[in-house]
Amino acid sequence: MKKLLVALAMLAAAGSACAQAYPSKPVVMVAGFAAGGPTDTIARILAERMRHPLGQAVLVENTAGAAGSIAIGRVVRAAPDGYTLSIGHWSTHVVNGAIYQLPYDLLKDLEPVALVASNPQVLVARSGVPAKDLKELIAWIKANEGKVTAGTAGAGSGSHVGGIYFANSIGAKLQYIPYRGTGPAMQDLVGGQIDIMFDQAVTALAQVRGGRIKAFAVTAKERLAAAPDIPTVDEAGVPGLHIAIWHALWVPRGTPKEAIARLNAAVVESLADPAVRKRLGDLGQDIPSREQQTPEALGAHHKAEIEKWLARFVAPGGKKTKGK
């Protein structure tokens, strides 16, 4: 009997030690788009730095498809143990819920970890487009009504919503070409296979600086510090077309608070690193204040964004409107 009690005590101690040793294996960060896109880029910058405070590798897994909703489903179904993270943004964790009938609840089935960064979109075009500024681009689009192709990361994605808002604002029609992420779409834009795209600054700026594509405007009220030569939509001729894409991290509902706190601390430390801040800043990213980096702040922001955009995408009869 005494030996049994000793054995049970040792097992209990071992279990307690395991619980305190989180994380004891690599953490997986699931991105809903193909490699090379904005979400993938931000994920890899974070993952590289977060491994230091966590003491474990953070692996980025690209699960592309359905405008990022497949990846979220993968995380929702994962064990709530702190080893599976969802990295997503305004489109994947807000707009998708307003457009699609999802098999999960974006608020109830996920726990917030931290808001990471935000950036506006940049309206870009292939280098061969015969326009020097936004007004000339609009004239060219209208002269080729319905023929101009716009790359997107799928129906309801940020690039798709940006394209729709832009087309509605100028009174024109675009031909939307869906991809498994803006990474592949950008490759085709550079290659001249599509005409225009609304992409996040995080990936668009590198191609613009390299002279491989043209930039016409940023969807913000102020010019980007990382690209002060690109005018705002207000300056360029389409006032009010303001879209900010914010990225954040979530875990499955039921994940232990201790694990969430550890992950949040790793994000906070990473975002305070001057090297990380410079890398994100060079990509046109705005880093939230320390007060905005808490799980509670992300939870409140996420809820407010869903309520705001649900009203814009739900028809008066209560039916969700699908992007066209």
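**Figure 1. Three elements that help line the largest cavity.** In this predicted model, the lining of the largest cavity draws at least two residues from each of α2 (38–54), α6 (158–170) and β7 (196–200). Of these elements, take a good look at β7, as the largest share of the lining, three residues, comes from this strand.

**Figure 2. The centre of the largest cavity.** Here we step inside a space with a volume of about 140 Å³. Which residues lie nearest its centre? They are H89, A153, S159, T182 and Q200, out of 15 residues that line the cavity. Sorted by class, the lining holds five nonpolar residues, nine polar ones and one that is charged.

**Figure 3. The second largest cavity.** This space has a volume of about 40 Å³. Its lining takes two or more residues from each of β1 (27–31), α3 (69–76), β3 (84–89) and α4 (90–99). Look for V30, A31, G32, G68, A71 and I72 among the lining residues, and also for S86, I87, G88, T92 and H93. Which element gives the largest share of this lining? That is β3, with three residues. Five of the lining residues are nonpolar and six are polar, while no charged residues take part.

**Figure 4. Stepping back to the chain around the cavities.** Now the view widens to twelve helices and nine strands. The chain has 324 residues, and 52% of them count as buried. Among contacts between residues at least 6 apart in sequence, 77% join residues at least 24 apart. On the outside, the accessible surface comes to about 14300 Å², with 57% belonging to carbon and sulfur atoms.

How values were computed. Residues are numbered from 1 along each chain as its sequence is written. This is a predicted model: local features need pLDDT of at least 70, side-chain atom pairs count only at pLDDT 80 or more; totals for chains, interfaces and linings use all residues. Side-chain values use heavy atoms; hydrogens and water are left out. Helices (H or I, at least four residues) and strands (E, at least two) are DSSP runs, numbered from the N terminus. Buried means under 20% relative accessible area, exposed over 50%, partly exposed in between (1.4 Å probe, protein chains only). Contact means heavy atoms within 4.5 Å. Accessible areas come from the Shrake-Rupley method with a 1.4 Å probe; for residues, only the protein chains shown count as cover. On a 1 Å grid over the protein atoms alone, a cavity is a set of points where a 1.4 Å probe fits but cannot get out, and a pocket is an open set with protein on both sides within 12 Å along at least five of seven lines; lining residues have an atom within 4 Å of a point. Grid points are joined across faces, edges and corners, and a volume is the space filled by probe spheres set on the points. Ala, Val, Leu, Ile, Met, Phe, Trp, Tyr, Cys and Pro count as nonpolar, Asp, Glu, Lys and Arg as charged, and the others, Gly among them, as polar.
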